[in-house]
Amino acid sequence: VQLQASGGGLVQAGGSLRLSCAASGTIFGIYAMGWYRQAPGKQRELVASIASGGSINYADSVKGRVTISRDNAKKMVYLQMNSLEPEDTAIYYCNMVVSTELGKGPIGYWGQGTQVTVSS
């Protein structure tokens with residue numbers, strides 16, 4: 001299973017970006033999907049997650065500014081980010097928890113990361 005993230009870039013404060021992440025490979029079932037970020041010198045942190053049942057969790061720092069969504073049929077997860085702030089500058093990683101065989105436990109996979117830079 002491979003995850004390909006895209007959509008990052010350079011944007012001015014107050015701007016918007018939409019990140020996308022596509023999964024490829026043999027996937028039997030998709031469980032949780034999420035976006036994480038890692039700023040220079042900081043630990044990777046959860047930005048948003050969406051479970052298979054649809055429940056969503058956002059980091060307090062992004063609540064009201066980002067929206068996570070998923071398309072199971074396309075094996076994709078999205079992150080719409082609005083009102084971006086310089087503090088949002090980081091490498092953004094997508095994560096999917098999937099099963100690759102019937103009866104086999106789910107495993108988490110990571111995308112390669114996409115850089116988001118917000119200028120003040």
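## Overall architecture

Two residues are taken to be in contact when heavy atoms of theirs lie within 4.5 Å. By that criterion, among the contacts in this predicted model that join residues at least 6 apart in sequence, 56% link residues at least 24 apart. The secondary structure comprises 11 strands and 0 helices, so that the order of elements along the sequence reads β-β-β-β-β-β-β-β-β-β-β. The radius of gyration is 14 Å, close to the 14 Å that the globule rule gives for 120 residues, and the protein is therefore as compact as a globular protein of that length.

Taken along the principal axes, the box filled by the C-alpha atoms is roughly 50 × 25 × 25 Å.

## Burial, surface and charge

Of the 120 residues in the protein, 39% are buried. The exposed surface of the protein amounts to about 6,200 Å², and carbon and sulfur atoms supply 49% of that area.

The charged side chains number 10 positive and 7 negative, and the centres of these two sets lie 6 Å apart.

## Two hairpins sharing strand S5

Strand S4, which covers residues 29-38, runs antiparallel to strand S5, which covers residues 45-50, and 5 bridges join the two. One of the residue pairs in this arrangement is formed by Arg 37 and its bridge partner in S5, Glu 45. S4 and S5 make up a hairpin with 6 residues between them, and in the turn Gly 41 has a positive phi of about 75°.

S5 also pairs in the antiparallel sense with strand S6, residues 56-58, here over 3 bridges. In this second pairing, Ile 50 has Ile 56 of S6 as its bridge partner. S5 and S6 likewise form a hairpin, with 5 residues between the strands, and the turn contains Gly 54, whose phi is positive at about 105°.

## Loop residues with positive phi

Most residues other than glycine have a negative phi. Against that background, Lys 75 deserves separate mention, since this residue is not a glycine and yet has a positive phi of about 55°. Lys 75 lies in the loop that runs between strand S7 (66-71) and strand S8 (76-81), and with a relative accessibility of 24% Lys 75 counts as partly exposed.

Ser 83 is another residue other than glycine with a positive phi, in this case near 50°. The position of Ser 83 is in the loop between S8 and strand S9 (90-99), where a relative accessibility of 41% places Ser 83 in the partly exposed class.

## The surroundings of Ser 16

Ser 16 is found in the loop between strand S2 (9-12) and strand S3 (17-24). The relative accessibility of Ser 16 is 39%, and because values between 20% and 50% are classed as partly exposed, Ser 16 counts as partly exposed.

Which residues are in contact with Ser 16, once its neighbours within four places in sequence are left aside? They are Val 11, Gln 80, Met 81, Asn 82, Ser 83 and Leu 84. This list includes Ser 83, the residue described above for its positive phi. Ser 16 can also be related to Val 118, for although the two residues are 102 apart in sequence, their C-alpha atoms are 9.6 Å apart in space.

Terms used:
Residues are numbered from 1 along each chain as its sequence is written. This is a predicted model: local features need pLDDT of at least 70, side-chain atom pairs count only at pLDDT 80 or more; totals for chains, interfaces and linings use all residues. Side-chain values use heavy atoms; hydrogens and water are left out. Helices (H or I, at least four residues) and strands (E, at least two) are DSSP runs, numbered from the N terminus. The radius of gyration is taken over C-alpha atoms; the globule rule is 2.2 Å times the number of residues to the power 0.38. Buried means under 20% relative accessible area, exposed over 50%, partly exposed in between (1.4 Å probe, protein chains only). Accessible areas come from the Shrake-Rupley method with a 1.4 Å probe; for residues, only the protein chains shown count as cover. Lys and Arg count as positive and Asp and Glu as negative; His and the chain ends are not counted. The place of a charge is taken as NZ of Lys, CZ of Arg, CG of Asp or CD of Glu. Two strands pair if DSSP finds at least two bridges between them.
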